[in-house]
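Colleague: I should like to go through the assignments in this model and hear the reasoning behind each of them. Please set each value against its criterion.

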Amino acid sequence: MIKAILIKPLDGDPAGSTREFSPEDFRRLEAYGAVRKAGADEAKKAPTAKDKRAPAVVNKAVDK
């Protein structure tokens with residue numbers, strides 16, 4: 001498995017997320033410009049739930 005960083009969103013994961021791909025999948029996605037190989041420091045960092053959260057919605061009736 002090859003650790004990669006997403007350049008484009010993929011399968012609901014935002015750009016910048018770290019994922020693992022088989023060598024064949026990694027080469028195909030790299031050719032599309034969708035991923036790049038993670039460095040040693042980047043491979044250890046996993047995305048947190050906070051990274052994937054949608055922004056808070058403003059309640060127009062209460063927040064003015």
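Colleague: To begin, how many helices and how many strands are there in the protein chain?

Modeller: The model is a predicted one. Its protein chain has three helices and three strands, and along the sequence they follow the pattern β-β-α-β-α-α.

Colleague: How are the three strands arranged in the sheet, and what is the sense of the pairing?

Modeller: They form an open sheet in the order 2-1-3, with antiparallel pairing. Neighbouring strands in this sheet are turned by 45° against each other on average, with direction ignored.

Colleague: What makes strand 1 and strand 3 a pair?

Modeller: Two strands pair if there are at least two bridges between them. Strand 1, residues 2–6, and strand 3 share three bridges in the antiparallel sense, so the criterion is met. Within strand 3, lysine 37 is the bridge partner of alanine 4.

Colleague: Which strands does helix 1 touch, and what angle does its direction make with that of strand 3?

Modeller: Helix 1, residues 23–32, packs on the sheet and touches strand 1, strand 2 and strand 3. The angle between its direction and that of strand 3 is about 120°.

Colleague: Which residues make up the largest nonpolar core?

Modeller: That core has nine residues: Ile2, Ala4, Leu6, Leu10, Phe21, Phe26, Leu29, Ala34 and Val35. Strand 1 gives the largest share, three residues. Alanine 4, a member of the core, touches residues including Phe21, Phe26 and Val35.

Colleague: How do you know that these core residues are buried?

Modeller: A nonpolar core is by definition a set of buried residues, so membership implies burial. The cut-off for burial is under 20% relative accessible area. Of the 64 residues of the protein chain, 25% count as buried.

Colleague: Why is the contact between glutamate 20 and lysine 3 called a salt bridge?

Modeller: The closest N and O atoms of glutamate 20 and lysine 3 are 3.0 Å apart. The limit is within 4 Å, therefore the pair qualifies. It links distant parts of the chain, with glutamate 20 in strand 2 and lysine 3 in strand 1, 17 residues apart.

Colleague: Why are glutamate 20 and lysine 3 called partly exposed?

Modeller: Glutamate 20 has a relative accessible area of 40%, and lysine 3 is at 34% relative accessibility. Buried means under 20% and exposed means over 50%, so values in between count as partly exposed.

Colleague: What is the N to O value for arginine 19 and aspartate 11, whose side chains meet in a salt bridge?

Modeller: The value is 3.8 Å, and the pair therefore satisfies the criterion of within 4 Å. Asp11, Asp13 and Arg19 are linked in a network of salt bridges.

Colleague: Is aspartate 11 buried or exposed?

Modeller: Aspartate 11 has a relative accessible area of 65% and is therefore exposed, the cut-off being over 50%. Arginine 19, with 22%, is partly exposed; burial would require a value under 20%.

Colleague: Where do arginine 28 and aspartate 25 lie?

Modeller: Both lie in helix 1, three residues apart, about one turn of the helix. Their side chains meet in a salt bridge at 3.2 Å, N to O. Arginine 28, at 42% relative accessibility, counts as partly exposed, and aspartate 25, at 31%, also counts as partly exposed.

Definitions and conventions
Residues numbered from 1 in each chain as written. Predicted model: local features only at pLDDT ≥ 70, side-chain atom pairs only at ≥ 80, totals over all residues. Heavy atoms only, no water. Helix = DSSP H or I, 4+ residues; strand = E, 2+ residues; numbered from the N terminus. Axes fitted to C-alpha atoms, helices over the stretch in contact; angles between N-to-C directions. Contact = heavy atoms within 4.5 Å. Core = buried A, V, L, I, M, F, W, Y, C linked by side-chain atoms within 4.5 Å. Buried < 20%, exposed > 50% of the residue type's maximum accessible area, 1.4 Å probe, protein only. Lists of a residue's contacts leave out its neighbours within four places in sequence.
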